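Here are my notes for you on this one. Have a look at the structure first, then read the points with it open.

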Amino acid sequence: MRAPDPVPLPPEPALAVHGLSVAYGGTTVLRDVSWEVRPGTLAAVIGPNGAGKSTFLKAVLGLIPRLSGEVRLFGRPLAEARRRVAYLPQRASVDWDFPLTALQVAAQGRYPHVGWFRPLPRHERDRALAALAEVGLADLADRRIGALSGGQQQRVFLARALALEAELMLMDEPFAGVDAASEAAILAVLRRLARDGRTVIAVHHDLATAPATFSEVLLLNGRVIAAGPMATTFTAEALAETYGAPIPLAAAA
Amino acid sequence: MTTFLQLDFVPLAAATLACLACGLIGNLLLLTRQSLLGDAISHAVLPGLVLGFWVSGSRAPLPMVAGAVIAAVLASGAIDLVRRTARLETGAAMGVVFSAMFALGLVLIELTGAASVDLDIDCVLAGQLETLIWPAAEDLQSLFDPRALASLPPELWTLLVVFAIVLGVLALLWKELRLVAFDPDFAATIGFAPRTLGLLVLLLTALATVAAFWAVGTILVIAALVAPAAVARLLTDRYGVQFALSAAAAVAMGAGGYGASVLLPPHFGLGGLNAAGTIAVTAGGLVAAAAILAPSRSAARVSA
């Protein structure tokens, strides 16, 4: 006797967060955050300074402990989904004076494939070069990172994240302090990722560019103010509540 | 040649190895802006050293190294605790912990009677390179004579083993240590444990510090930890070159500094110079020379 065909399940969300709370030294930074992001989405996390946007990404990645709540990536706990997730840290979080070249940083994205104790094989180095080429930095591969512009440094970080070949990318302000050329290059990569069905969740601070760049949004200020499709969620009322002051959207756009 | 082998060969080799072991690990401290931690560790290991000495009743390396490593781990834990509970900045927390532990070590030297044997405060402060003699040496053949080699001071073997360990760990974990030094958060997200590797660097620092303890004394270990890496940093922006240059600077500092202590005094009508002093002065000279040789870089750094 044949078992009945299973009812096809809806695809697991790329990220599912339920009741996430985070505290730093007795101060609650995030309270009861719940949010789901479907695969293939470009999603923005938006809120004022100190709203807990970076904290949210770090808590999802297990870089800081959660007070409570559950995080699932593709329906699995973080430990089982690590290889499917890429993190692009805030540019200011590292020392760009460190003696490394652009290629050496991009190649760090291949380390999970190389494993411990082994030097980087030639073909992995080539893949890191390809990632640099995708962000338009092939010519600067051997340039020391301290000699790159802010936008180029941001693109090196993006290349490193691309080199991980992850399905979900968590980016902390990928557009912060970049010039027009870098912004265009980063934007092109994000669009390509979305076309390929990958998911990008980015902390974003530029309200003017957010609606054209992202399709989903999480408005955050210590708690979830609103979450959902950009078109219906990114409203003047919701922004005013997020920032605690009316935001002249028309002027910003 | 016999006189050189008996009196100067071992101190020269010991000074060089001490500077190499500390200098190489010092790169990781300098690049992560943690050089002060090296200073703290080099002082904080003293009570562990003294207790190891007291327990074994001799200068056998293992108990002292074990004591020092335990002290180093306790110190780094205490620094973290003080920083968090007292809400002090890291530098202040380090200052409190390492001076207290160093003082505890000095007290222990008196209490345990170590001073009456051959661990006294002078030796702790300035090292005792000059006492590392090799009376069994007769000529160059002695370097290949197992019986003569067996009578080499044990400190030299300790230094050799520690240097080999530092070199081995750096080679084996080359890309891992570089990754964690540059971006620990990213390293954590791809499963390259930054805490474990950070602890490993701390242990290596403690190990190198203890080994160098005999050569240059606790106070001047900081010169061996910082100067070679600082010289290299002034001259290059390549990670691999940084380590190679620091090794060269460490040899120049250790061998050159010891040589100066032997060769200079007769020219000035002096009886002798403390080798730890000349080594540290040589280190300072090397840093100054590197700064002068690389004016564009250091200027760029200041303005950046």
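The points below go from confidence to fold, and then to a few details.

1. Start with how far to trust it. This is a predicted model, and it scores ipTM 0.94 and pTM 0.92. Chain B averages a pLDDT of 87, with 93% of its residues scoring at least 70.

2. Confidence isn't even along chain B, though. Among its elements, helix H9 (residues 174-182) of chain B has the highest mean pLDDT, at 98, while helix H14 (residues 295-303) of chain B has the lowest, at 47. Over residues 298-304 of chain B the pLDDT stays under 50, and there the model has 2 contacts beyond four places in sequence. I'd leave the details of that stretch alone.

3. Now the fold. What is chain B built from? It has 14 helices and 0 strands, so reading from the N terminus you meet α elements one after another, α-α-α-α-α-α-α-α-α-α-α-α-α-α. The radius of gyration of chain B is 20 Å, close to the 19 Å that the globule rule gives for 304 residues, so chain B is as compact as a globular protein of that length. If you'd like dimensions, its C-alpha trace spans about 60 × 50 × 35 Å along the principal axes.

4. How is chain B packed? Of its 304 residues, 49% count as buried. Take the contacts in chain B with a separation of 6 or more: residues 24 or more positions apart account for 73% of them.

5. One residue to click on is B:Val107, which you'll find in helix H5 (residues 90-111) of chain B. Is B:Val107 buried or exposed? It counts as exposed, because it has 12 C-beta neighbours inside 10 Å, and 12 or fewer is the cut-off for that label. For a sense of scale, B:Val107 and B:Val231 are 124 residues apart in sequence and 36 Å apart in space, C-alpha to C-alpha.

6. Over in chain A, try helix H6 (residues 150-163) of chain A. Its 14 residues reach 20 Å from first C-alpha to last, close to the 20 Å expected at 1.5 Å a residue. Of those 14 residues of H6(A), 13 are buried, so the helix is largely enclosed by the rest of the structure. After H6(A) comes A:Glu165, with a positive phi near 55°.

7. Last, where the chains meet. How many residues of chain A are in contact with chain B? There are 19, and they touch 20 residues of chain B. The chain A side of this contact divides into 15 nonpolar, 2 polar and 2 charged residues.

Methods: Residues numbered from 1 in each chain as written. Chains lettered and ligands numbered in written order. Predicted model: local features only at pLDDT ≥ 70, side-chain atom pairs only at ≥ 80, totals over all residues. Helix = DSSP H or I, 4+ residues; strand = E, 2+ residues; numbered from the N terminus. Rg over C-alpha atoms; globule rule 2.2 N^0.38 Å. Buried ≥ 20, exposed ≤ 12 C-beta atoms within 10 Å, placed from the backbone. Contact = placed C-beta atoms within 7 Å. Expected span 1.5 Å × (residues − 1). Nonpolar A, V, L, I, M, F, W, Y, C, P; charged D, E, K, R; others polar. pLDDT = per-residue confidence, 0-100.
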